[in-house]
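Dear colleague,

Please find below the structure that I am handing over to you, together with its sequence. My findings follow directly after it.

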Amino acid sequence: MMSESEEHGSLLEKINEKIHEYKHSSSSSSSDSDDDKKPKKTKKKKKLFGRKHSLHHVLGGGKAADLVLWRNKQASGSILAGVTVIWLLFEGIGYHLLTFLCHALIVFLTVWFVWSNAASFVNRSPPKFPEVILSEVQCLKVAHIARKEINEAFYTLRNVASGKDLKTYLMTIVVLWFISIVGSCFSFLTLSYTIFLMAYTLPMLYEKYEDQVDVVGEKALIEIKKQYKVIDAKFISKIPMLSEKKQH
């Protein structure tokens, strides 16, 4: 009798162990499924220079931004082709600006003159020459913007030349020296065309490869900051005027 009761008890213990294992496995699987259902927090990717808006918004979000980002490839390509042809005329063929303007006006006026006189022979209405009238408001707006920019430029130059900020002065001299070196290697027209080409194509390429460029740009900015700290510790901080300003 004792052996039968012991066997019965051991059987009940085994059943309880199985039930406990089943409950544990089911609870763990349910917790895993709950974890899977929880939305995963995605890390926000850092934009270059801390930019929060899209590139199209930064560029103004209008037709100019559409052209620079090549949203209308036909219009953007036509502008690029036209600027390239003008650059080739002046730089490659040796065309002069005054000659180009005169020849362009001769062709334009001749086409309109012939068209206006030939329209009566073919029973068609003569072409309507577009009226271009600059309003006083537009002229005042452009003059106001130009006045503001010129005043800011003179204010910056006055601050640099005043001798109050040696750091800004040195940075300005370095930038001007670099521009003078670049200007001696290219003509003004070629340099202007190169700047236009970069400004007209780089935003489109950046938007296309934005994630890769942001990663590389962030690493480059970190490295530049490290190098600036080294230069600041070795040279800039030892300049008397700057060291006195830091102490104050």
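Phenylalanine 100 is partly exposed in this predicted model, with a relative accessible area of 21%. That value lies just outside the buried class, because buried means under 20%. Phenylalanine 90, by contrast, has a relative accessible area of 14% and is buried.

These two residues form an aromatic pair. The ring centres of phenylalanine 90 and phenylalanine 100 are 5.4 Å apart, and the planes stand at 65° to each other. The arrangement is edge-to-face, because the angle is over 60 degrees. Phenylalanine 90 belongs to helix α4 (residues 73–92) and phenylalanine 100 to helix α5 (residues 97–118), so the contact between the rings ties together parts that are 10 residues apart in sequence.

A further pair involves tryptophan 112 and tryptophan 115, with ring centres 5.9 Å apart and planes at 40°, so this pair is tilted. Both tryptophans lie in helix α5, where a spacing of 3 residues separates them by about one helical turn. Tryptophan 115 is partly exposed, its relative accessible area being 49%.

In total, the count comes to 7 aromatic pairs. In addition, Trp70, Phe196 and Tyr200 form one aromatic cluster.

I turn next to the packing of helix α4. Two packed helices are described by the angle between their axes and the distance between the axes. For α4 and helix α8 (residues 188–208), the angle is about 165° and the axes are 10 Å apart. The two helices are therefore roughly antiparallel to each other, and α4 passes α8 in a left-handed crossing.

Which residues of α4 and α8 meet? On the α4 side they are Ala75, Ser76, Ile79, Leu80, Val83, Thr84, Trp87, Phe90 and Glu91. On the α8 side they are Leu189, Thr190, Tyr193, Phe196, Leu197 and Tyr200. Phe90 thus appears in this list as well as in the edge-to-face pair described above, while Phe196 and Tyr200 are also members of the aromatic cluster.

Finally, some figures for the chain as a whole. The chain contains 10 helices and 0 strands. Of its 248 residues, 12% count as buried. The chain exposes about 21400 Å², of which carbon and sulfur atoms supply 67%. Among contacts between residues at least 6 apart in sequence, 55% join residues at least 24 apart.

Yours sincerely

Note on methods:
Residues numbered from 1 in each chain as written. Predicted model: local features only at pLDDT ≥ 70, side-chain atom pairs only at ≥ 80, totals over all residues. Heavy atoms only, no water. Helix = DSSP H or I, 4+ residues; strand = E, 2+ residues; numbered from the N terminus. Buried < 20%, exposed > 50% of the residue type's maximum accessible area, 1.4 Å probe, protein only. Contact = heavy atoms within 4.5 Å. Areas by Shrake-Rupley, 256 points an atom, 1.4 Å probe, with all protein chains shown as cover. Phe/Tyr/Trp six-rings, centres within 6.5 Å; stacked < 30°, edge-to-face > 60°. Axes fitted to C-alpha atoms, helices over the stretch in contact; angles between N-to-C directions. Parallel < 35°, antiparallel > 145°, perpendicular 65-115°, else oblique. Left-handed = near helix turned anticlockwise from the far one by under 90°.
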